[in-house]
Amino acid sequence: MSPTLLVVGSTNVDLFAQVRAHPAPGETVLGTGGTRAAGGKGANQALAAALQARG
């Protein structure tokens with residue numbers, strides 16, 4: 001029987017865009033492209049635990 005693990009934490013989607021330069025305080029810049037990636041401390045811990053359990 002495999003052990004049970006409960007992870008309490010967040011899961012979110014990180015949004016990435018490319019910009020020519022970092023904006024100055026209060027400045028708005030336009031970005032191009034765009035990608036999404038899963039993240040969040042809880043999601044990362046759950047994935048690490050699942051991979052560890054698989055061996």
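Buried residues make up 5% of the 55 residues in the protein chain, and this figure comes from a predicted model. Read along the sequence, the chain follows the pattern β-β-α, and its radius of gyration is 18 Å, well over the 10 Å that the globule rule gives for 55 residues, so the chain is more spread out than a compact globule. The points below begin with the chain as a whole and then turn to its parts.

**Overall form and surface**

- The protein chain contains one helix and two strands, and its C-alpha trace spans about 55 × 20 × 10 Å along the principal axes.
- About 5200 Å² of the protein chain is exposed, and carbon and sulfur atoms supply 57% of that area.
- Among the contacts in the protein chain with a separation of 6 or more, 50% are made by residues 24 or more positions apart.

**Confidence in the prediction**

- The pLDDT of the protein chain averages 89, and 96% of the residues score at least 70.
- Confidence is highest in β1, at a mean of 92, and lowest in α1, where the mean is 88.
- As a general caution for reading any such model, predicted coordinates should not be read in detail where pLDDT is low.

**The two strands**

- Strands β1 and β2 run antiparallel and are joined by six bridges, and in one of these pairings Q18 has T32 in β2 as its bridge partner.
- Strand β1 is hardly covered, since the count of buried residues among its seven residues is zero.
- G34 belongs to strand β2, which covers residues 32–39, and G34 counts as exposed because its relative accessibility of 55% is over the 50% cut-off.
- Leaving aside residues up to four places away in sequence, G34 touches F16 and A17; the C-alpha atoms of G34 and A17 are separated by 4.5 Å, although the two residues are 17 apart along the chain.

**The loop between the strands**

- A24 is found in the loop between β1 (12–18) and β2, and A24 counts as partly exposed because its relative accessibility of 39% falls between the 20% and 50% cut-offs.
- The C-alpha atoms of A24 and G9 are separated by 32 Å, and these two residues are 15 apart along the chain.

**The helix and the end that follows it**

- Helix α1, made of the 14 residues 41–54, reaches 20 Å from its first C-alpha to its last, which is close to the 20 Å expected at 1.5 Å a residue.
- Just after α1 comes G55, which takes a positive phi of about 100°.

Notes: Residues numbered from 1 in each chain as written. Predicted model: local features only at pLDDT ≥ 70, side-chain atom pairs only at ≥ 80, totals over all residues. Heavy atoms only, no water. Helix = DSSP H or I, 4+ residues; strand = E, 2+ residues; numbered from the N terminus. Buried < 20%, exposed > 50% of the residue type's maximum accessible area, 1.4 Å probe, protein only. Contact = heavy atoms within 4.5 Å. Expected span 1.5 Å × (residues − 1). Pairing = 2+ DSSP bridges. pLDDT = per-residue confidence, 0-100. Rg over C-alpha atoms; globule rule 2.2 N^0.38 Å. Areas by Shrake-Rupley, 256 points an atom, 1.4 Å probe, with all protein chains shown as cover.
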